[in-house]
Amino acid sequence: MSCQALNSGRKLGCKNSVGGLQNVYFAGSGDISDVLFNDVGATPGEVISFTATASSIFKYELVGSNTFTETITSSNSEGTTFAEQSLTINLQILDNATLNQVKLLAFDRPKIFVEDRNGHLLFLGIMNGMSLSTGTLSSGDGFGDTSGFTLEFTGTEKLTGIHVYDGILNTSFVGALSTTTFTPAIPS
């Protein structure tokens, strides 16, 4: 077995990207299969299609501080390489409907798509799913303090975070996107 050879350099590029996440999308652990990767052209390794249960990907809009981090670990002595993925999202407003969805996420190992503010769509937990490792419900002391949920997902994958070809316009993604949503409500 031979290792893959480095095949390109990288220029500095323009200063036209921004940080942050704008949406996160959840699918159940068994709702996505037959993931097909691009193995040619300018974007090898991107997901070009997958099979998904109809209306099985659910969109959650984000605002504020939400982060995705991936740490690639290679061991010379063991000859292994893997990626540890970490996603932290904040959902405003404490409400029962969101709490019920958080419970479902906690019991599953969802597949997660993350859309950043540059329009990139990453597929997390592509093989092993992601685990809700910590879920915090909080309401601060003052009127301006947070009242909502902080959810931390972790996962370990053989492959690093995978871009989805055409982002949110990917045909497989669009075909599985649910229109079922709710607006969190504060009891009156």
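These questions and answers walk through a predicted model of one chain.

Me: How many helices and strands does the chain have?
Reply: From the N terminus on, the elements run β-β-β-β-β-β-α-β-β-β-β-β-α. The C-alpha trace spans about 65 × 40 × 35 Å along its principal axes. The count is 2 helices and 11 strands.

Me: What percentage of the contacts with a separation of 6 or more comes from residues 24 or more positions apart?
Reply: The chain has 188 residues, and buried residues make up 31% of them. Its accessible surface comes to about 11,900 Å², with 53% belonging to carbon and sulfur atoms. For the contacts, the share from residues 24 or more positions apart is 68%.

Me: What is the strand order of the open sheet of 5 strands?
Reply: The pairing in this sheet is antiparallel. Its edge strands are β4 (57-61) and β11 (162-163), and each pairs on one side only. The order is β4-β1-β7-β8-β11.

Me: How many bridges pair β1 with β7?
Reply: Strands of a sheet pair through backbone hydrogen bonds, either parallel or antiparallel. β1 and β7 take the antiparallel sense. One of the partnerships sets Ala 27 with Lys 111 in β7. The number of bridges between β1 and β7 is 6.

Me: Which residue in β4 stands opposite Val 24?
Reply: β1 also pairs with β4, again in the antiparallel sense. That pairing runs over 5 bridges. The residue in β4 opposite Val 24 is Tyr 60.

Me: Which residue in β11 is the bridge partner of Leu 122?
Reply: β8 covers residues 121-124. It runs antiparallel to β11, and 2 bridges join them. The partner of Leu 122 is His 163.

Me: How many residues of β1 are buried?
Reply: Buried means under 20% relative accessible area. β1 has 7 residues and is largely enclosed by the rest of the structure, because most of them are below that cut-off. The buried count in β1 is 6.

Me: Which residues of the largest nonpolar core touch the most other members?
Reply: In soluble globular proteins, nonpolar side chains tend to be buried together. This core holds 19 residues. β1 (21-27), β6 (80-92), α1 (96-107), β7 (111-116), β8 and β10 (147-157) each supply at least two residues of it. The members with the most such contacts are Val 24, Phe 26, Leu 87, Ile 89, Ile 112, Leu 151 and Phe 153.

Me: How many residues are in the second, separate core?
Reply: This core is separate from the largest one. Its members include Val 47, Phe 50, Ile 57 and Phe 123. The total is 14 residues.

Me: Which residues does Ile 89 touch, not counting residues up to four places away in sequence?
Reply: Ile 89 belongs to the largest nonpolar core. Its partners include Asn 66 and Thr 150. In full, they are Val 24, Phe 26, Leu 62, Asn 66, Phe 149, Thr 150, Leu 151 and Phe 153.

Me: Is Val 102 buried or exposed?
Reply: Val 102 lies in helix α1. Leaving aside neighbours within four places in sequence, Val 102 contacts Leu 132, Phe 149 and Leu 151. Its relative accessibility is 10%, and the cut-off is under 20%, so Val 102 counts as buried.

Me: What is the centre to centre distance of the aromatic pair Phe 26 and Phe 153?
Reply: Phe 26 sits in strand β1 and Phe 153 in strand β10, 127 residues apart. Both residues are buried. The pair is tilted, with 45° between the planes. The centre to centre distance is 5.4 Å.

Me: Which residues do ring pairs link into a cluster?
Reply: The structure holds 7 aromatic pairs. Phe 123, a member of the second core, is one of the residues in the cluster. The linked residues are Tyr 25, Phe 50, Phe 113, Phe 123 and Phe 173.

Me: What is the phi of Asp 34?
Reply: Most residues other than glycine have a negative phi, and most peptide bonds are trans. Asp 34 lies in strand β2 (residues 32-37). Its relative accessible area is 58%, so Asp 34 is exposed. Phi of Asp 34 is positive, near 50°.

Me: What is the relative accessible area of Ile 93?
Reply: Ile 93 is found in the loop between β6 and α1. Its phi is positive, about 80°, although Ile 93 is not a glycine. Ile 93 is partly exposed, with a relative accessible area of 26%.

Methods:
Residues numbered from 1 in each chain as written. Predicted model: local features only at pLDDT ≥ 70, side-chain atom pairs only at ≥ 80, totals over all residues. Heavy atoms only, no water. Pairing = 2+ DSSP bridges. Helix = DSSP H or I, 4+ residues; strand = E, 2+ residues; numbered from the N terminus. Core = buried A, V, L, I, M, F, W, Y, C linked by side-chain atoms within 4.5 Å. Buried < 20%, exposed > 50% of the residue type's maximum accessible area, 1.4 Å probe, protein only. Contact = heavy atoms within 4.5 Å. Phe/Tyr/Trp six-rings, centres within 6.5 Å; stacked < 30°, edge-to-face > 60°. Areas by Shrake-Rupley, 256 points an atom, 1.4 Å probe, with all protein chains shown as cover.
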